[in-house]
Amino acid sequence: MRLLVLHGPNLNLLGSREPGLYGSCSLEQINASLHEQAARLGVELLSFQSNHEGALVDRIQAARGDTDGILINAAAYTHTSIALRDALLAVDLPFVELHLSNTHSRELFRHHSYLADRAVGVICGFGSTSYRLALDGLVDHLRLSRP
Ligand code: CA2
């Protein structure tokens, strides 16, 4: 099983600013721990971060055919991007939306997601643990849906 984790804009800054909101782990640490978890689960994991909407769309399109599912923290694009929604629907891959912070306890504009209604599930508010929960959830979902 091959999975892809996508990180949206500004998440490359994790660990360096706003630790009260987003935690003190860097993106490299989050990726490293996710890759260890993936190895324990016996799945292959690829990761990609971009600050650019089109680059994320390109990466989603490239996943078609060789990827079984996607974990996505689309960051601010969650709340703005019809293009990311369309790309995820076009490749027709199961995906889990996740966030470090609880977007529902923050500003109103963060309460809406262009992705959530088509996601297998949504996880938010657990800091870097959100990534771990999302990976467990997606792998379980895929194993149960394709025995
Ligand atoms: O809580 C999350 O994971 C978010 O996806 C983070 C986004 C925000 O726009 C979403 O509403 C919720 C913001 C990512 C910004 O990342 C930073 C990391 C370190 C320092 C500054 C920003």
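Let's start at the ligand, in what is a predicted model. There are 17 residues around the ligand, and those that come nearest are Asn-73, His-79, Leu-100, Ser-101 and Arg-110. If you sort that shell by class, you get 8 nonpolar, 6 polar and 3 charged residues.

Now, which atoms are close to the ligand's oxygens? Take Leu-100, where a backbone N or O atom lies 2.7 Å from an oxygen atom of the ligand. Arg-110 reaches in with its side chain: a polar atom there is 2.9 Å from a ligand oxygen. And for His-99, a side-chain N or O atom is 2.9 Å from an oxygen atom of the ligand.

How much of the ligand does the protein bury? On its own the ligand exposes 500 Å², and the protein buries 93% of that. As for where it sits, the space the ligand takes is the largest pocket.

Let me move on to the cysteines. How many disulfides does a search of the whole structure find? The count is 0. Cys-25 is in no disulfide, and the nearest cysteine sulfur to it, on Cys-124, is 18 Å away. Seen from the other end, Cys-124 is in no disulfide either, with the sulfur of Cys-25 as its nearest, 18 Å away. A disulfide needs the two sulfur atoms within 2.5 Å, so at 18 Å this pair does not count as one.

Are these two cysteines buried or exposed? Cys-25 is partly exposed, at 28% relative accessible area. Cys-124 has 19% relative accessibility and counts as buried, because the cut-off for buried is under 20%.

That's my tour; thanks for listening, everyone.

Note on methods. Residues are numbered from 1 along each chain as its sequence is written. This is a predicted model: local features need pLDDT of at least 70, side-chain atom pairs count only at pLDDT 80 or more; totals for chains, interfaces and linings use all residues. Side-chain values use heavy atoms; hydrogens and water are left out. Buried means under 20% relative accessible area, exposed over 50%, partly exposed in between (1.4 Å probe, protein chains only). A residue is near a molecule or strand if one of its heavy atoms lies within 4 Å of it. A polar contact is a pair of N or O atoms within 3.5 Å; within protein, one must be able to donate a hydrogen and the other to accept it, and residues adjacent in sequence count only if both atoms are side-chain atoms. Accessible areas come from the Shrake-Rupley method with a 1.4 Å probe; for residues, only the protein chains shown count as cover. On a 1 Å grid over the protein atoms alone, a cavity is a set of points where a 1.4 Å probe fits but cannot get out, and a pocket is an open set with protein on both sides within 12 Å along at least five of seven lines; lining residues have an atom within 4 Å of a point. A molecule sits in a cavity or pocket if more than half of its atoms lie within 2 Å of its grid points. Ala, Val, Leu, Ile, Met, Phe, Trp, Tyr, Cys and Pro count as nonpolar, Asp, Glu, Lys and Arg as charged, and the others, Gly among them, as polar.
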